[in-house]
Amino acid sequence: MNERSIGKSTIRKESWEKVTGTAKYADDFSKIGLLHAKLAVSPHAHAKIISIDSSEARKVPGVKAVIIGKDHPILTGSPLEDRPPIAIDKVRYYGEPVAIVVAEQEYAAEMAALLIKVNYELLPVLHSPMEAYQQGAPLLHEHLATYKRQEEVYPEPGTNIANRTKIRKGNMEEGWNHSDHIMDVHVTLPQSDHAAMETRCCTAEISPEGKVIISSASQSPYVIRRTISHSFHIPLQKVIVHTPLVGGSFGGKAAIQLEFLAYLASSAVGGKTVKLVNSREQDMISSPVHIGLDAKIRLGCTHEGKLMAAEILYLYDSGAYSDRGAVMSKAGASDCTGPYRIDNVHCDSLCMYTNHPYATSFRGFGHPELTFAMERCMDLLAERMDMDPLEFRFINAIGIGDTTPTQTILDRSNVGNLPMCIAKLKTLILWDNSPIIKQEGHFIKAKGVSCFWKNSSTPTDAGAGAIVMFNPDGSINLLCGAVEFGQGTRTALTQILAERLRMDDQMIHISMSVDTEFDPQHWKTVASRSTFLVGNAVLAAAEDAIIQLKDIASQVLECSPDELDVGKGRVFFKNGSDIGIEVEKIANGYKFPDGHTIGGQVIGRGSYTMRNLTLLDPDTGKGNPGPEWTVGAQAVEVELDTREYTYKIMNAATVIDAGKVINPEFARSQITGGMSIGLSLASREVFLSNDSGSILNPQLRTYKLIRYGEQPEYFVDFVETPHLEAPYGLRGIGEHGVIGMPAALANSLSIAIGVGLNQLPLTPEVIWRTVHDSF
């Protein structure tokens, strides 16, 4: 047997369940007596609630309860408690829940929800973060000063600013004085949808002894447990959360929303089990969405092309409530310059309230947006100097000894090798062997590039635990809290364990569900941090198990534990002799011939918590926000029809410093999937709304996604610069395929058409209007 597991394309542990259709997701679970909940939602983006009449709804046969916001006037949210689970005095976005109906049948609950009559008084609507930023703009949250705060968040009462993060680095006056070329750019990116295959779903019940049992399609079961306990004053040990396989997420199921509503529904019917499943339409508009951005950037550089100064304003469109938008705006500030050395930086990154659906985590966590802004400005500055855009990025690539916008000093371990990524990309896309722009009749082919980086932006105390339990046959059960939603994390964790124990990974079993009652705690499965956090915990658990195995074996073999090693299902002498003992003979203790027994079941325990991270200084942004930055370079080649302004995406490429590739097939699939999402966002995805803020395309028939036949040919390659704190040197790569794709597409189309395209999505109409407006 080959004892190596890292670097192997192992088959997913859940493959058989998925291909045979036996895999169970949240909506697949049912029980006798199950009740169903449905939401009544607002048809207005901003309005006072004058009255709610539920009398007709209550007459529908089978209806058991109707709950409105005034029944439970609480505020939820993290890091800022600004959102009622059900609107109380007013609605702030189209689709906001105004009531819950619980009924015996799903159709009855839906029918009753439609019969709820709400009397509204319309209020002015804020359509963009730039509009909300203006002095004198209508206030969405008049009581902003009174909201409770968790983590570090800095709202500005009397405005629509839910959080402001400042970056102040170097001397701006000196930076501008040394800048021979200065470029300004203003970009806009709209909100869009996560569009996971599985819509959000949650089931809740309250047992007679007061236990709250929740089953949810979520990335954050332990956060659900803590939040339900906090919001409803329930002892933590009485909240149990179960998360089965999740059918895709892309960040959208990190938010806590349906869990509040399902709990309220269950409490209204005496604790009976209630299931709440989003329709596709409500999943798109009532539940949280992908954040938008308005950005203004000014960059300055020398005649030689060295960047000297950056002045940045990021206005993140977090919609009606801040949720994770406040943290995304902070993450955007931390990495505001992109992966470039700029010694003089002034950045304000704001989380703005608007009358859009509220935003939560999305793959890239604010970075596809800031990267689009920075990379458009980089291309324009390179064009101003008549410099090759890849060369311009290469000479400014951040590296060893440089400092981040938050003034963290970088080394090879925590930043990797961006210049090598750029060099590999150059070869991969034949940059020097074919022209950047090529015209054939009314068709123009053009290549565009971008670079990206991303830190994890986790809490300074984010952590994870793991348990390694040996079975009598020498196989292992691995217990941990990482949620599996298609990324392959739980399989990769078995590879990490197998590598350390030098055993066949097929001998390691891991369930595809998470249960907070039995599994060790994990912060949450977000931020491309799970393999790092849980992986380190798994290694610690493996070390604990190895100590136990050596201790038992040393008594059997009559030697010191220090003389022994573990591997290939045996504990054996390090000196290379064949003397040893099979793990299965000692995995549950060892029984001597005379019946005397030593040891017991080997159960390894491990945990890991982030190290050496600090909070950001509120005045300067100085601090260390995360353990490492993953860097990379991307490119897109398009063919544009100049008669119709339609285009075809021909090729897309990514080179990323992965630290160490754990599973090559998983890694390529992760990056390719991210690239596809990035191209879809950039080329077509957008919520269309009218003047009153109503969303006009809340379904997949009208909300456009990239289709199978429109996919380009994808090219993916890796650089491996180990991150010394991570298991086997790995770096997070789950989100990173998305980050630079919108910018690379915009840069390629801007080169092709000869006009700067600074607004997403890049539909033929947007390109046509930009071209004609520029004349």
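This report walks through some strand pairings, one pocket and one serine.

The model is predicted, and residues are numbered from 1 along each chain as its sequence is written. Local features need pLDDT of at least 70, side-chain atom pairs count only at pLDDT 80 or more, totals for chains, interfaces and linings use all residues, and side-chain values use heavy atoms, with hydrogens and water left out.

**Strands side by side**

Strands of a sheet pair through backbone hydrogen bonds, either parallel or antiparallel. Here, strands (E, at least two residues) and helices (H or I, at least four) are DSSP runs, numbered from the N terminus, and two strands pair if DSSP finds at least two bridges between them. The table gathers three such pairs.

| Pair | Sense | Bridges | A facing pair |
|---|---|---|---|
| Strand 2 (47-53) and strand 4 (90-91) | antiparallel | two | Ala47 and Val91 |
| Strand 2 and strand 6 (117-122) | antiparallel | six | Ile52 and Val118 |
| Strand 20 (463-470) and strand 29 | antiparallel | seven | Gly465 and Ser607 |

Strands 20 and 29 also turn up in an open sheet of four strands, ordered 22-21-20-29, where the pairing is mixed. Strand 22 (508-509) and strand 29 (603-609) sit at the edges with a single partner strand each, so one side of each has no neighbour in the sheet.

**The second largest pocket**

A pocket is an open set of points on a 1 Å grid over the protein atoms alone, where a 1.4 Å probe fits, with protein on both sides within 12 Å along at least five of seven lines; lining residues have an atom within 4 Å of a point. The second largest one has a volume (the space filled by probe spheres set on the points, which are joined across faces, edges and corners) of about 600 Å³. Its lining takes in 26 residues, and those nearest the centre are Pro190, Gln191, His356, Val686 and Phe687. Strand 8 (181-189), strand 14 (292-301) and helix 19 (764-773) each give two or more residues to that lining, with strand 14 supplying the largest share, three residues.

**A closer look at Ser179**

Ser179 belongs to the loop between helix 5 (172-177) and strand 8. Is Ser179 buried or exposed? Ser179 counts as buried because its relative accessibility is 11%, and buried means under 20% relative accessible area, exposed over 50%, partly exposed in between (1.4 Å probe, protein chains only). Leaving out residues up to four places away in sequence, Ser179 touches Gly300, Cys301, Met308 and Ala309, where contact means heavy atoms within 4.5 Å.
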